Amino acid sequence: MLVRLVKRTEVDNKKSMQIRVLAVVLALVIVSLLLLFLKLNPLSVYGTMLKGAFGSAYGIRQTIIQAIPLLIAGLGVSIAFKMKFWNIGGEGQIMMGAFGAALVALNFQSLPKPLLLLLMLVVGAVLGGICVLIPTYFRVKYRTNETITTLMMNYIVIKFITYLQYGPWRDKNSLGFPKIPNFSDNAIMPKLFGVHIGWIIAIILAVLVYIYMNYTKKGYEISVIGESENTAKYAGMDIKKTILGALFLSGAICGIAGVIQASAVSQTLSVEVSGGVGNTAVIIAWLGNLSSIGISIVAVLFAALVSGARLIQTAYGIPESAASLLQAIILFCVLGSEFFVRFKLIFNGVSKKREKVQEVA
């Protein structure tokens, strides 16, 4: 055998980050080849995308609006990932958060705006947390595969919201169109500097998650359990309690993203409220190396990718789905890079030459 796989004994954050950055570069190269095939200049296209995302006040506002749910959902799933719990149910948790917002907004319209918005955030966070607690319970109790169960929860929640949209919550004034009534004005988040206050909530959550994961006992326990459950047991940690608490927090943060999207963006509840944010959050969390600072940076870059795609659509006749294609290629490359984070390739011919050189020396 000329090539063999060897599991890395230890990989520091710097090395893993370098591998992931190379994966993104590879994705950009692949997309560049596709653009060349379409007879377009990749550098010109990428430059136009940056101009669309940051070249005007409107573009910057749209980028921030796109970045808010990506950042919050990325923070949410990162807590689960830190513990090696693969929470792929961000979409469902976001929708459950939006459902909680709608549940409060449509039934307590007479409440003062600050109280109503606060209640929407609390209920949405709780429902988002409960959504992930169900697969977490089966993971802790019966050792089920959480990747499958959290993914299945997405479809359950989608069907539930669809039922509400076509059934009991259907707007009687929508002329037969399957639509849930719009929120009242006091259930819509206000704006600050031209952008809804979700950006303030996102910054606060990023700071709180950073402090929680790096400077609290529970954050330390989450990291230890992620590295080795045996070590956590030896240290006397309550593993089940920590897992349940951390995963509830993970789902609750994703639920807050759903509240913001329902209140400030959609201003109602629908099956489109998440817009694929939960899936993209997985990429963002990994590219951000599961750190609040890294996730914040990557979320803005991904939001710029989506915002910039609108400009290249008109400038080059490229469909907006080109941004989704780039995201998909980045996801594929990043997931592939995890193989090289965990393993390294050893070329026997090279290693034997090195051994001979060492013997001669």
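**Two domains and a pocket**

Domain 1 and domain 2 bury about 1400 Å² between them, and 66% of this area lies on carbon and sulfur atoms. The model is a predicted one. In the domain assignment, domain 1 is made of two segments, 10-40 and 318-345, while domain 2 covers 59-315. The centres of domain 1 and domain 2, taken over C-alpha atoms, are 25 Å apart. To the contact, domain 1 contributes 16 residues and domain 2 contributes 14 residues. The number of salt bridges between domain 1 and domain 2 is zero.

Both domains also take part in a pocket. The second largest pocket draws at least three of its lining residues from domain 1 (10-40 + 318-345) and at least three from domain 2 (59-315). The volume of this pocket is about 550 Å³. Its lining consists of 20 residues, and those closest to the pocket centre are Val24, Leu28, Leu301, Phe302 and Ile330. Four elements each give two or more residues to the lining: helix H1 (13-37), helix H2 (42-54), helix H12 (292-316) and helix H13 (321-342). Which of the elements gives the most to the lining of the second largest pocket? That is H12, with seven residues.

The make-up of the lining can be given by residue class. In the second largest pocket, 18 lining residues are nonpolar, one is polar and one is charged. For the interface between domain 1 and domain 2, the corresponding description is by atoms: carbon and sulfur carry 66% of the buried area, and there are zero salt bridges between the two domains.

Key: Residues are numbered from 1 along each chain as its sequence is written. This is a predicted model: local features need pLDDT of at least 70, side-chain atom pairs count only at pLDDT 80 or more; totals for chains, interfaces and linings use all residues. Side-chain values use heavy atoms; hydrogens and water are left out. On a 1 Å grid over the protein atoms alone, a cavity is a set of points where a 1.4 Å probe fits but cannot get out, and a pocket is an open set with protein on both sides within 12 Å along at least five of seven lines; lining residues have an atom within 4 Å of a point. Grid points are joined across faces, edges and corners, and a volume is the space filled by probe spheres set on the points. Ala, Val, Leu, Ile, Met, Phe, Trp, Tyr, Cys and Pro count as nonpolar, Asp, Glu, Lys and Arg as charged, and the others, Gly among them, as polar. Domain bounds come from an automatic or database domain assignment. Contact means heavy atoms within 4.5 Å. Buried area is the accessible area (1.4 Å probe) that two parts lose on being put together, summed over both. A salt bridge is a side-chain nitrogen of Lys or Arg within 4 Å of a carboxyl oxygen of Asp or Glu.
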